[in-house]
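Visitor: I'm new to this one, so please pick a single part and take me through it closely. Then show me how the rest is arranged around that part.

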Amino acid sequence: METMLQPADHECLPCYLYRCTKTEECDGSLRLLAFYRDHNAPRATALERKVRLLGGYCDCEVLANAIRPITREANQALEDDVDLVCKGVRRGATQPCEHWLMRRGVQWGGGQFRRRSA
């Protein structure tokens, strides 16, 4: 845990997970998600439970099942396995930046990917 990468200022959860899963091997747990939550959004106590409801049972599955890229830049970064610059979120937020879209679940709208309303 002491060698884990620190979240950057205003870095969103999916960008952090994407950056870390490129260097850290997935161990089948949500340790990176928990580390991010403890450092950036400690009040988000139900985050792990909600992500599991969306199919994210480990850090790599969060990016595969619960969150998807929606910008051309993010899709290209995933395909080419290159770094992605986060668009930024406010401190304490667990919502993704503009590159990503979180799947809506039981409490978030029936398990479908939906655009954010304005």
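**A close look at helix α2**

Guide: Let's go for α2, which is mostly covered: seven of its 10 residues are buried. Buried here means under 20% relative accessible area, while exposed means over 50% and partly exposed is in between (1.4 Å probe, protein chains only). Helices (H or I, at least four residues) and strands (E, at least two) are DSSP runs, numbered from the N terminus.

Before we go on, keep in mind that this is a predicted model, where local features need pLDDT of at least 70 and side-chain atom pairs count only at pLDDT 80 or more, though totals for chains, interfaces and linings use all residues. Residues are numbered from 1 along each chain as its sequence is written, and side-chain values use heavy atoms, with hydrogens and water left out.

Back to the helix. α2 covers residues 31-40, and its buried members are Leu-32, Leu-33, Ala-34, Phe-35, Tyr-36, Arg-37 and Asn-40. They pack against α1, α3 and α4. Take Phe-35, a residue of α2: its relative accessibility is 7%, so Phe-35 counts as buried. Pro-7 is 28 residues from Phe-35 in sequence, yet their C-alpha atoms are 8.8 Å apart in space.

At the start of α2, look at Arg-31. Its side chain makes a polar contact with the side chain of Glu-24, at 3.2 Å. (A polar contact is a pair of N or O atoms within 3.5 Å; within protein, one must be able to donate a hydrogen and the other to accept it, and residues adjacent in sequence count only if both atoms are side-chain atoms.) Glu-24 sits in the loop between α1 and α2 and counts as buried because its relative accessibility is 17%.

Now step across to one of the neighbours, α4 (residues 59-66), where Asp-59, Val-62, Leu-63 and Ala-66 are buried. Seen down the axis of α4, these fall within an arc of 115°, so they line one face of the helix; the arc is that of the directions from the helix axis to the C-beta atoms. Their cover includes α2 itself, along with α1 (13-21), α3 (47-53), β1 (67-69) and β2 (100-102).

Much of this comes together in the largest nonpolar core, which has 29 residues. Such a core is a set of buried Ala, Val, Leu, Ile, Met, Phe, Trp, Tyr and Cys residues joined through side-chain atoms within 4.5 Å. Leu-33 is among those with the most contacts inside this core, together with Tyr-16, Leu-17, Val-62, Leu-84 and Trp-100. At least two residues each come from α1, α2, α3, α4, α5 and β2, and α1 gives the most, with six.

Two more buried spots help fill in the surroundings. Thr-94, in the loop between α5 and β2, is buried because its relative accessible area is 18%. Leaving aside neighbours within four places in sequence, Thr-94 is in contact (heavy atoms within 4.5 Å) with Leu-13, Ala-41, Ala-44, Leu-47 and Met-102. Pro-69 belongs to strand β1 and is also buried, at 17%. Not counting residues up to four places away, Pro-69 touches Ala-74, Asn-75, Leu-78, His-99 and Trp-100. Pro-14 is 55 residues from Pro-69 along the chain, with 9.1 Å between their C-alpha atoms.

Stepping back, the protein chain has five helices and two strands, in the order α-α-α-α-β-α-β. Of its 118 residues, 40% count as buried. Among contacts between residues at least 6 apart in sequence, 59% join residues at least 24 apart.

One oddity away from α2: Asp-81, in the loop between α5 (72-80) and β2, has a positive phi of about 55° although it is not a glycine. Most residues other than glycine have a negative phi.

Finally, a word on confidence. pLDDT is the predictor's confidence in each residue, from 0 to 100. The chain has a mean pLDDT of 86, and 85% of its residues reach 70 or more. Over residues 106-110, though, pLDDT stays under 50. Where pLDDT is low, the predicted coordinates should not be read in detail.
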